[in-house]
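Visitor: Could you take me in for a close look at one part of this protein, the aromatic rings and what sits around them? I'm in my first year, so please explain the terms as you go.

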Amino acid sequence: MRQISLALLLLAASAPAQAQSIAELRDQVAEVRQNRPPSVPEGTLTSIEYLLDVSERIERRFPTQSATWRERAARFLASAAAGRDPYPEGANQLLNRGYQPTFSPLRQGYAVYLPPNYDPSRAYPLMIMLHGGSSNGNLFLGVVLGNNMDWLRYNQFLYDDFTPRWSPDWIVVAPDGVGQLIWRWMGEQDVLEVLDDVQRHYNVDPNRVVLGGLSNGGMGAYTIGTRHAWRFSAVQAMAGAPSWIQYAGGRASDVEMTTMRRYSAMDLFENTENTDFRYYHGTIDPGPMRPAYVRELDQRVAELGVRARGRWYVHGHDLLYLVHRHGRVYPDLAEIVRNPHPAEVRLVTGDYRANRQHWVTVTRIEDYPVLAHVRATASDGAIEATTDNVLQISFDLRDAPLGSGDTVRVVLDGTEVYSGPRRHLGHVVSFARDPGEGAEEGDASGDAGAWRLGFLPEADGLEKVPGLAGPMTDAYHDMIVHVYGTQHPANEATLRRTAETGARGWPMGVWYLEQRVVRDTDVTPEMMQSAHLALYGGPGDNAVLDRMLESLPIRAEADGITMSNGHRFEGRQLGARFIYPNPEQPGRYVLVHTGTTADMVSRTRNLPDFVPDYVVYDARAVGSRPRLLMQRGRDPLASGFFDRFWRLPEYQDPHAARLPAGVSAEQMRALAIRVGAPPTFILPAPLFQQTPAPQLEPGDMPAPPERPRRFLAAASDPNGPVARQIARMVPTFYNYRAIIPGGAWIESQQAVFQIRPQRDCLSALDRAHVPYQLVDEDLHTPVPTAVEITGPVNGVRFRTVRAESRVIISCEMASRLPLLTRIARRQDVRGITILSSHRERPRQSFHTLGMALDIFSFETSHGTLSVLNDFIETPAHPTCDAPEPADPKARALLRIACDLVESREFNSVLTPNYNDGHRNHFHVDIRPDDDRVFVR
């Protein structure tokens, strides 16, 4: 053993007689490392450093626990200095280890339990447990081994010492998962690297590795347990959501669905063919992991015919002890042994980081990252497989159960592609599909053709390959250096702050990542070789980005974003984020965060967790930070995936094929912006159809009101949450009224109202003698106190065009019916026929809120006033400034419409003058907190 200092010898001999500073202990670790005894693994010293990291990190918030972690580090250091590894000595204790990850300069940690009388010569089963929200590995391992506590108090005990309440004959570990990432990206990488670290330092039976998790950890067990099912003998997913598409809620775009499917167990469940996959849920789980999600999984499992098993408990969310039976589950799980040589393998993947199941690996996906499927069998010297969306595949013949024969036969998609000596193939054999007929090398067009032995020809240029395939989140598995531009001093501080935010992790919930942040002038070739680069800057801001610009597919200019496929977005408030092979180090990525201004670069922080290869956005799309998906109504200008050769999809101007007659592409862009939609939005063609043709320009639209800060209905009132949801939704509605020719706007405080508490509104209906009954069914849209009108109001009957339909509206709209009927009675109306009241579509409609009515006709004692047949359009005049028509029916209808406007109790009154879509009805609606009245 090399020379060890006197201070360390004294430390080893006496243990820490007095508290030493963290800095002193770090120096002593460095000295032991220089003279490390052969019996002390490097991982032990890394773990002692990790204990010091945590002690320092929590010193202010948890001073008592900080001292405990520091003291333990000193004790372990003393053992290491004396030539003993302290960790195997910690049997039947809960300890913490650290390791150096691939994705962060900061050491990451996990809690570990060794069974009593741990024998390093014996292979033990391993259980990996994934924690839920507000927890960490240290706390969760304590809970897993019997230290139960209230979830609401978790944050008080994150770094406490725990004693196991039961002592299974297992190694049990709980990773930190980089915080609350719900085990995606660097969270998944943490689990896999913890598994490797445990196997380096302890004797683990590779065929008895169990993955489990609860709540967020249940989602992690679903995700990692299906993506990497071949690594585990069993998986236990407790109280999680089996699909990110379910968990994200809302209506994801096609691009977003593709980014989520590769992490969603619902889509990957075939991978569990050879894993004992068990999932558990409570029938009264309050969410957000809803029981309905798991019932859908039950159906999916039955359809696939896989061996997974689900179990339901009449219980809520916390299922851990029910599933683990207070520690009695371990002997049962120990009997489950992974088969490393299964006869049948199913593989579903859209991700080269999870492209293997047992002896089958997909090495090229045709339409990456759309899911690829393989189903393969091996027996008696033959492999047969069917594939979908696969261009290249490999089989590990060492693990495939082919028998002892000397020949191998391989059949892919019904065609024999090899039959001959096994020795010619080596251990791993690969097959590729030729390019489709008529497709040239490097051309992605055409379908792939026949299978053959060997590999795809090397691409002439860039190609999506394992480790370099996108999307943006793929880089999160590795080290990233964040580079901010310094070329414009006025922008430097903004770009530096944005880079620092990115270095702490773009996905929400990341803890303790702290990747490196450097100036653009400090980037070196060595840095590019060892890490991906995240570049931050607009035009001329970032020297590294500027010198790469000619090789990148998207660039920001002062007045727009230009894409290499010819698509250009014009404007001074635009930004883009994309991933691309580093032009100066093609084996690494650049993640570019750019924009027309430094502020728009900084708005990259408001992109959600799930992002594809590229996103181009305007200020509207990134006004606030959603968690998982883009907010509906705030869609990006463009988003998607580069093709297999890192090219943008061919651009076809959507305006060219879908423009209404007489509207140019530039006019459509201007109109889209005017109504509040993205510049690429195609306004519905029926919006422009007006007969006779209008002879007026759109009216000048007043500024929209500010979003309300106060509400009449308290948050605890049934109408309170609905009122707040509507206040968030309405500003996202496209304002088509802004472009309607001849429309008139009136500003009046008399039009302003707020949604009242439910009791107040219903009392108003009672006082006004409006007959109603409450609607207790789920309408699937936010309606403040939905009611059904059940009788006449002021002697005026209401009926619907369809006999089976009901008049269902919000209480606030129902409170306007007395006014509506008084106005109608001036024209001798005795009945009103409703074309539409509440409905669920379209999303940007006040009908969905129960705050709109479409009136088809009015019944009088002399006959029917039909909007379709009797209203006379006035294309040359605003609706209520037009000369009175000579026809008495037309005159009565015009007076009803304009009296409704004059009342200031309705925010919109639309007649057939609006467009042909309103030819057969009057539309009236009310809009909370809005002083504008629109009539056309």
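Guide: Let's start with Arg97, whose charged end sits over the ring of Tyr87, 4.4 Å from the ring centre. "Over a ring" has a strict meaning: NZ of Lys or CZ of Arg has to be within 6 Å of the ring centre and within 35 degrees of the ring normal. Before going on, note that this is a predicted model, where local features need pLDDT of at least 70 and side-chain atom pairs count only at pLDDT 80 or more, while totals for chains, interfaces and linings use all residues. Residues are numbered from 1 along each chain as its sequence is written, and side-chain values use heavy atoms, with hydrogens and water left out.

Now stay with Tyr87, as its ring also has an aromatic partner. A pair of aromatic rings is described by the distance of the centres and the angle of the planes. Rings of Phe, Tyr and Trp (its six-membered ring) pair if their centres lie within 6.5 Å; planes under 30 degrees apart are stacked, over 60 edge-to-face, and the rest tilted. The structure holds 33 such pairs. In one of them, Phe76 meets Tyr87 edge-to-face, at 5.0 Å centre to centre and with 75° between the planes. Phe76 lies in helix 4 and Tyr87 in the loop between helix 4 and strand 1 (94-99), so this pair ties together parts 11 residues apart in sequence. Helices (H or I, at least four residues) and strands (E, at least two) are DSSP runs, numbered from the N terminus.

How hidden are these two rings? Tyr87 is buried, with a relative accessible area of 0%, and Phe76 is buried too, at 9%. Buried means under 20% relative accessible area, exposed over 50%, and partly exposed in between, using a 1.4 Å probe and protein chains only.

There's another edge-to-face pair to look at: Tyr580 and Phe642, 5.7 Å centre to centre with 70° between the planes. Tyr580 lies in strand 25 (residues 574-582), and Phe642 in the loop between strand 28 (638-640) and helix 18 (654-658), so here the tied parts are 62 residues apart in sequence. Both Tyr580 and Phe642 are buried.

Rings can gather in groups as well: Trp185, Trp244, Tyr247, Tyr263, Tyr476 and Phe610 form one aromatic cluster. And to finish where we began, with a charge over a ring, the charged end of Arg57 sits over the ring of Tyr512, 3.8 Å from its centre.
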